[in-house]
Amino acid sequence: MDVLLCLAPSTSCSNCCRNIKPFSTLPEAVVSTQSTGEKDAFTKECKEKVKQYREKMSDLTEKVETLEKDKRRRLVEEQYQKDKTKLDKLRLQIAKKNYSISALQRQVDDIPTRIELLQYQKRFEELHQQTGAVHTETKQFYALFNNLSDTKTYLEKHLTRLNSINESFKRAIGNVENGFMFLQQFEQLVEGAKQSKTSIEKRRAEVKQTKDGLNDEYLKLVDEGRRYHAIVQEFQEECNKTEMLINKCKEMGLNTSAI
């Protein structure tokens, strides 16, 4: 079987086919038609194409690496944003917790300790004693003022009566009728003085009764104050014992929450 082949890519098919002779086998046709120049051109073309393909492969590889880097960067940025959001939430929660802790700490600090309570108690007792002394002194001044005012009023009335008696006596010396009227007025003055004395004695009795009642109440309050101080002292001693027991339990490693 005869085979006809055209293996000259650089020439036209009509020019090539004129010089072709029939061959019996394919290898003979290939060997006879390919020259050395054609082999070099073919090899050069193949090398250029290989170079182009390698450059394309390199470009594609760089693009793939760039895409992978961008993808990894986007993933990292997304994860960073998620972590940042989570961190902000945690910081906000921590800030709220710190605010709550600060508020509780202020409440705890506002609660006075046992030593401070004792100091407050001592100071209040001193202030109470000072206030009581000032109050007693003020009451004494008021009582003195009232007594002196009453004395002044009574003296003024007494002086007025004496002046009236003196004038009436002068008018009654030379006239019997005036003398009789003087005696009647004098008896009225004596009766008024007796009534005033009775009223004053009644008031004095009322004041004395009030004073006795207040004195009894004062004695009761003094007794209660003594009992109060005794109870406070006992309570303080028990508190000291309890504190000593708590310290011993802590030293022994025992639970003190139930104490």
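**Notes on a helical model**

1. Let me start with one side chain: lysine 208 has a relative accessible area of 45%, so it counts as partly exposed. Please keep in mind that this is a predicted model. Lysine 208 forms a salt bridge with aspartate 212, and their closest N and O atoms are 3.4 Å apart. Aspartate 212 is partly exposed as well, with a relative accessible area of 35%. Both residues belong to helix H5, which covers residues 176-252, and they lie four residues apart, about one turn of the helix.

2. Now for the overall picture. The protein has five helices and zero strands. Read from the N terminus, the order of elements is α-α-α-α-α. Of its 259 residues, 4% count as buried. For that label a residue needs under 20% relative accessible area.

3. Which residue does arginine 73 meet in a salt bridge with N and O atoms 3.0 Å apart? The partner is glutamate 77. Helix H3, spanning residues 36-110, holds both of them, and four residues, about one turn of the helix, separate the two. Glutamate 77 has 40% relative accessibility, so it is classed as partly exposed. Arginine 73, at a relative accessible area of 43%, is also partly exposed. The pair does not stand alone: Asp70, Arg73 and Glu77 are linked in a network of salt bridges.

4. A further pair is found in helix H4. Here the side chains of lysine 152 and glutamate 156 meet in a salt bridge, with 2.5 Å from N to O. About one helical turn separates lysine 152 from glutamate 156, because they are four residues apart in H4. Lysine 152 has a relative accessible area of 49%, which falls between the limits of 20% and 50%, so it is partly exposed. The value for glutamate 156 is 41%, so this residue is partly exposed too. In general, side chains of opposite charge can pair when their charged atoms come close. For the protein, the count comes to nine salt bridges.

5. You may also like to look at a surface feature without charge pairing. Leu117, Tyr120, Phe124 and Leu127 form a nonpolar patch on the surface, and their accessible area together is about 410 Å². Tyrosine 120, one of these residues, is placed in helix H4, which runs over residues 114-172. Is tyrosine 120 buried, partly exposed or exposed? With a relative accessible area of 44%, it is partly exposed. Residues enter a patch only with over 30% relative accessible area, so tyrosine 120 at 44% passes that cut-off.

6. Finally, the largest pocket. Its volume is about 770 Å³. The lining of this pocket is made up of 17 residues, and those nearest its centre are His128, Thr136, Tyr218, Leu221 and Val222. Where does the lining come from, in terms of helices? H4 and H5 each supply at least two residues. H5 gives the most to the lining, with ten residues. What is the chemical make-up of the lining of the largest pocket? It divides into five nonpolar, eight polar and four charged residues.

Note on methods: Residues are numbered from 1 along each chain as its sequence is written. This is a predicted model: local features need pLDDT of at least 70, side-chain atom pairs count only at pLDDT 80 or more; totals for chains, interfaces and linings use all residues. Side-chain values use heavy atoms; hydrogens and water are left out. Patches are made of residues with over 30% relative accessible area and no salt bridge: like charges are joined within 9 Å, nonpolar side chains (Val, Leu, Ile, Met, Phe, Trp, Tyr) within 5 Å. Accessible areas come from the Shrake-Rupley method with a 1.4 Å probe; for residues, only the protein chains shown count as cover. A salt bridge is a side-chain nitrogen of Lys or Arg within 4 Å of a carboxyl oxygen of Asp or Glu. Buried means under 20% relative accessible area, exposed over 50%, partly exposed in between (1.4 Å probe, protein chains only). On a 1 Å grid over the protein atoms alone, a cavity is a set of points where a 1.4 Å probe fits but cannot get out, and a pocket is an open set with protein on both sides within 12 Å along at least five of seven lines; lining residues have an atom within 4 Å of a point. Grid points are joined across faces, edges and corners, and a volume is the space filled by probe spheres set on the points. Ala, Val, Leu, Ile, Met, Phe, Trp, Tyr, Cys and Pro count as nonpolar, Asp, Glu, Lys and Arg as charged, and the others, Gly among them, as polar.
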